[in-house]
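Let's take an easy walk through this structure, one part at a time. Here it is to look at first.

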Amino acid sequence: MNELSHYRNIGIFAHVDAGKTTTTERILKLTGKIHKTGEVHDGAATTDFMEQEQERGITIQSAATTCYWRDHRFNIIDTPGHVDFTVEVYRSLKVLDGGVGVFCGSGGVEPQSETNWRYANDSEVARIIFINKLDRMGADFLRVVEQIKNVLGAKPVVMCLPIGVEEKFIGLVDLLTRQAFVWDDSGLPENYEVGEVPADMVDEVEKYRELLIETVVEQDDDLMMAYMEGEELSIDDIKGCVRKGTIALDFFPTYCGSAFKNKGVQMVLDAVVDYLPSPQEVDPQPLTDEDGNETGEFALVSTEEPFKALAFKIMDDRFGALTFIRIYSGVLERGMTILNSYTGKSERIGRMVEMHADDRNEIERAQAGDIIAIVGMKNVQTGHTLCDPKHPVTLEPMIFPEPVISIAVKPKDKGGSEKMGIAIGKMIAEDPSFRVETDEDSGETILKGMGELHLDIKVDILNRTYGVDLIVGAPQVAYRETITQPIEDSYTHKKQSGGSGQFGKIDFHVRPGEPGSGFVFNSKVVGGNIPKEFFPAIQKGFASMMGEGPLAGYPVLDVEIEIFDGAFHAVDSSAVAFEIAAKGAYRQAMPKAGPQIIEPIMKVDVFTPEDHVGDVIGDLNRRRGMIKDQEAGVTGVRIKADVPLSEMFGYIGHLRTMTSGRGQFSMEFSHYMPCPQNISADVIAAAKELKQAK
């Protein structure tokens, strides 16, 4: 039985290219998990095992691996940095107890770091910060610390200071022990010497050490009094305060180094052991009822409790379907029968494996705190709860963002259809932010995702992994419709011809809803003019129509419908009659309520060298962008803007041309906004043409 206090379930997350995967490689090397370090730029990193990851030098799916440091077991998940794959970050954070946020010493707090940091805040995950790449041109440790304060609104606590910067970066000073760690030029992580603080850094070290202690002793009143009275606190006492504050999310211990040059990674590993929580030290996961509402009970992390686990990732590889689970309580043994509380079906556990990226190690048992994979489970999807059949429970489920972009695809040859169907089924199970629909009229398959890169990689996987050659259509924007005017209306459904008739009358208000509210239904009918048992049928009738708006047939958002009166017939009224009445009422009322087309607006974050700022801003303005902010850094300028998605297709090519290949950008969905008149007219005309063509 492994001791739970020696477990650390951690994720490594950051912006694209801040060095997450390289940091993971160094951790695996230091912990003896691998003997040769693979480099991202050579396509040889352990956790980047997909062909697409190795070619593009980015991480696409989160990879899990287990290693040991100072008798502690680390379950590490290396997550993607690109905004199109944030679902991987989100679902990983959901099952982790702590994280390491990696920031680039020269790039600082970049767009994607903000999104990931926000996700980690929402998931209440304790973190330590590692400011990487201090050997880079333009690297500045303290500038990045300030950015973390200002941009992320976080409270970093500096735990060490770098010795030298850029190409002169040779090591760091541990503020707690006042020791200098200096590495030689061999590039080996174990080749360092511990010595005195360099003379020119003594004052700075004392200043930051004092700041560190003043911040952390606030966690313990007795120690704070002792410190204020001039007592010298022991290192163990200070560490206890750092740990307490880190777990409470009051501050974030901040380290520095260069993962690529093997400098400073040991300190990060020590900090994971010293300051990040074990599974028992985080707030337990809430349990919910069938509708997803919290019951007030929690999944206590203990091996004594009944078995509870959350399936957080499905992956299909050469050995079959793998279901990654985080076990919250109890013990799981091979041959046990467990219940999927979402489907109500039981399954017997066959093979269980401990993962090391895409290699696996067969195990016979696992316990609370473990992150493992089960081979060959059926009907399990991301977010399902697995539990003891005698103690059925549901853990808080995951919520995934709606896709904003779609493309139509069809196989080049007839034989590809069946192959594509099987492949897409596996891909949907793996990635809940990837959706697929079939256009009933044209027979085309519509792939929906979070961005151009997301869909580009899905098409690439279909082609290379599953051998399906596709004809790919142009990207389509997920337009929506809404209304602008409140109206009052009445509708009667009457059908009386031979046999029993149908009758239902409803008087109702239609109003524009709050942005993001979706469809809201309520009833103010009094006096029994419409019996209560018919309300669900009326709601169902209206809800079923919201998928098709009156202008161009796009789904309708943010509409409130209120029933205030109506009439029924003692014999002819039924749930079906009122459902049909609601559908007729929708068709009659919506065109009168000022319908309009709304389009997805993206939060765009562009990095450009200073001499191209004018060109980039001018180009964003031409794309109907609204510039929100610009911030000068050492190596260039960051421009934040809200831009319609329809104007952003192929943007990376334009940006590279404008900035001589040095510009970067990321974007994520922000909100919906009304389309300008000319664009609305084009969208409606295109929808009509499509209808006629079908």
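Before we talk about partners, one rule helps: two strands count as a pair if DSSP finds at least two bridges between them. With that in hand, look at β9, where phenylalanine 181 is the bridge partner of leucine 172. Keep in mind that this is a predicted model.

**A sheet with antiparallel pairing**

Leucine 172 belongs to strand β8 (residues 171-174), and β8 is part of an open sheet of 4 strands in the order β7-β8-β9-β10, paired antiparallel. At the edges you'll find β7 (160-163) and β10 (192-195), each of which pairs on one side only. From one strand to the next, the twist averages 25°.

Here is how the strands of this sheet are joined, with one bridge partner pair for each.

| Strands | Bridges | Sense | A partner pair |
|---|---|---|---|
| β7 and β8 | 4 bridges | antiparallel | isoleucine 163 and glycine 171 |
| β8 and β9 | 4 bridges | antiparallel | leucine 172 and phenylalanine 181 |
| β9 and β10 | 4 bridges | antiparallel | tryptophan 183 and tyrosine 192 |

Now zoom in on β8. Which way do its residues point? Gly171 and Val173 go one way, Leu172 and Asp174 go the other, and all of them are buried. That fits a general pattern: in a regular strand the side chains alternate between the two faces of the sheet. β8 and β9 also make a hairpin, with 4 residues between them. In that turn sits arginine 178, which has a positive phi of about 55°.

**A sheet with mixed pairing**

Further along the chain there is an open sheet of 4 strands in the order β30-β31-β33-β32, and here the pairing is mixed. β30 (487-495) and β32 (519-523) are the edge strands; each has a single partner, so one side of each has no neighbour in the sheet. On average, neighbouring strands of this sheet are turned by 25° against each other, direction ignored.

β32 runs parallel to β33 (residues 559-567), and 5 bridges join the two. One pair to look for is phenylalanine 521 with its bridge partner in β33, isoleucine 561.

Two helices keep this sheet company. Helix α12 (residues 535-545) lies across β31 (502-512), β32 and β33, and runs at about 155° to β32. Helix α13 (residues 575-589) packs on the sheet too, touching β30, β31 and β33, with its direction at about 40° to that of β31.

**The nonpolar cores**

Which residues touch the most other members of the largest nonpolar core? Out of its 70 residues, they are Phe74, Val100, Phe103, Ile131, Ile148 and Tyr255. Helix α9 supplies the largest share of this core, with 8 residues.

Isoleucine 131 is worth a closer look. Setting aside neighbours within four places in sequence, its contacts include Phe103, Phe141, Val144, Ile148 and Tyr255. Apart from this core lies another one, of 45 residues, with Met427, Val459, Tyr466 and Met602 among them.

**A serine in a loop**

Last stop: serine 258, in the loop between β11 (252-256) and α9 (265-275). Is serine 258 buried or exposed? Its relative accessible area is 0%, so serine 258 is buried, as buried means under 20%. Beyond its neighbours within four places in sequence, serine 258 is in contact with Phe130, Asn132, Lys133, Leu134, Asp135, Phe169 and Lys263.

Note on methods
Residues are numbered from 1 along each chain as its sequence is written. This is a predicted model: local features need pLDDT of at least 70, side-chain atom pairs count only at pLDDT 80 or more; totals for chains, interfaces and linings use all residues. Side-chain values use heavy atoms; hydrogens and water are left out. Axes are lines fitted to C-alpha atoms, for helices over the stretch in contact, and angles run from 0 to 180 degrees between N-to-C directions. Contact means heavy atoms within 4.5 Å. Buried means under 20% relative accessible area, exposed over 50%, partly exposed in between (1.4 Å probe, protein chains only). A nonpolar core is a set of buried Ala, Val, Leu, Ile, Met, Phe, Trp, Tyr and Cys residues joined through side-chain atoms within 4.5 Å.
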